[in-house]
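Thank you all for making time this morning. Please look at the sequence and the structure on the screen while I talk, and stop me if a term is unclear.

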Amino acid sequence: MSALVNDPFEERFHHAAQRHERAWVFISVAMIAVLFIAAVYLVVHDYGVVAKTARIYADPNTPATLADFQGKGIVQTGPDSFNVYEMARIWSWTPGTATPITLPVGAKVTFYVTSGDVLHGFEIQGTSINLTAIPGVIGHVSYTFDKPGTYYIICNEYCGAGHQAMIGKIIITGRAQA
Ligand code: CUA
């Protein structure tokens with residue numbers, strides 16, 4: 001075997017092979033590093049949707065008494081933007097369960113979410129919206145519905161006997177008249 005190693009052709013071949021191997025090891029490590037950093041970045045930024053806590057109240061019953069959470073709970077804030085004040089209670093979403101939330105496609109919607117009793121999970125199926133409804137805390141998240149259709153708010157945090165039926169409806173209508 002030692003005769004082979006001394007062969008000039010074999011020497012050149014081994015050098016070339018080692019160069020390629022080093023290059024490919026480096027490329028693989030670089031790819032893993034790029035994917036890792038991209039994954040961390042996307043998780044931190046949650047695909048562009050980040051739920052933020054708007055306010056925390058000392059008394060958990062305070063949000064339910066605020067004017068925003070009385071009445072319809074849907075407020076137009078601009079030509080193409082809406083606020084939705086969402087109150088979770090066992091086992092319904094107000095608005096959403098008794099009356100669907102109707103909004104135009106393409107509008108920027110900011111959901112302010114709180115709970116009047118226990119923890120609930122505010123998830124809108126088919127979107128990246130997912131935040132916890134907490135008594136005494138108002139969380140908010142903004143989203144633009146790009147496609148008309150019916151979206152369902154589902155509770156994804158166990159909240160008692162009616163948990164699985166705690167469903168709300170969002171109807172996204174076609175383009176609003178300009
Ligand atoms: Cu509300 Cu589960």
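I begin with one pair of residues, Phe-82 and Val-109, which stand opposite each other, with Val-109 lying in strand β6. Before going on I should say that this is a predicted model, in which local features need pLDDT of at least 70 and side-chain atom pairs count only at pLDDT 80 or more, while totals for chains, interfaces and linings use all residues. Residues are numbered from 1 along each chain as its sequence is written.

Strand β3 (residues 81–89) runs parallel to β6 and is joined to it by 8 bridges; strands, for our purposes, are DSSP runs of E with at least two residues, helices are runs of H or I with at least four, and both are numbered from the N terminus. Two strands are said to pair if DSSP finds at least two bridges between them. Val-109 also has a bridge partner in β9, namely Tyr-143, and β9 (residues 137–144) pairs with β6 in the antiparallel sense over 6 bridges.

Why is β6 described as largely enclosed by the rest of the structure? It is because 6 of the 8 residues of β6, which spans residues 108–115, are buried, where buried means that 20 or more other C-beta atoms, placed from the backbone, lie within 10 Å of the residue's own.

That leads to the largest nonpolar core, which has 23 residues, and in which Phe-111, Val-113, Phe-122 and Ile-170 have the most contacts inside it. The elements giving two or more residues to this core include β3, β6, β7 (120–124) and β9. A nonpolar core here is a set of buried Ala, Val, Leu, Ile, Met, Phe, Trp, Tyr and Cys residues joined through C-beta atoms within 7 Å. If we leave aside neighbours within four places in sequence, Phe-122 is in contact (C-beta atoms, placed from the backbone, within 7 Å) with Glu-86, Ala-88, Val-113, Leu-131, Ala-133 and Ile-153.

Stepping back to the whole protein, we find 3 helices and 11 strands, and a division into domain 1 (2–46) and domain 2 (49–173), with bounds that come from an automatic or database domain assignment. The C-alpha centres of domain 1 and domain 2 lie 50 Å apart. The C-alpha atoms of the protein fill a box of roughly 90 × 40 × 30 Å, taken along the principal axes. Finally, buried residues make up 21% of the 178 residues in the protein.

Note on methods. A residue is buried if 20 or more other C-beta atoms lie within 10 Å of its own, exposed if 12 or fewer, and partly exposed in between; C-beta atoms are placed from the backbone. Two residues are in contact if their C-beta atoms, placed from the backbone, lie within 7 Å.
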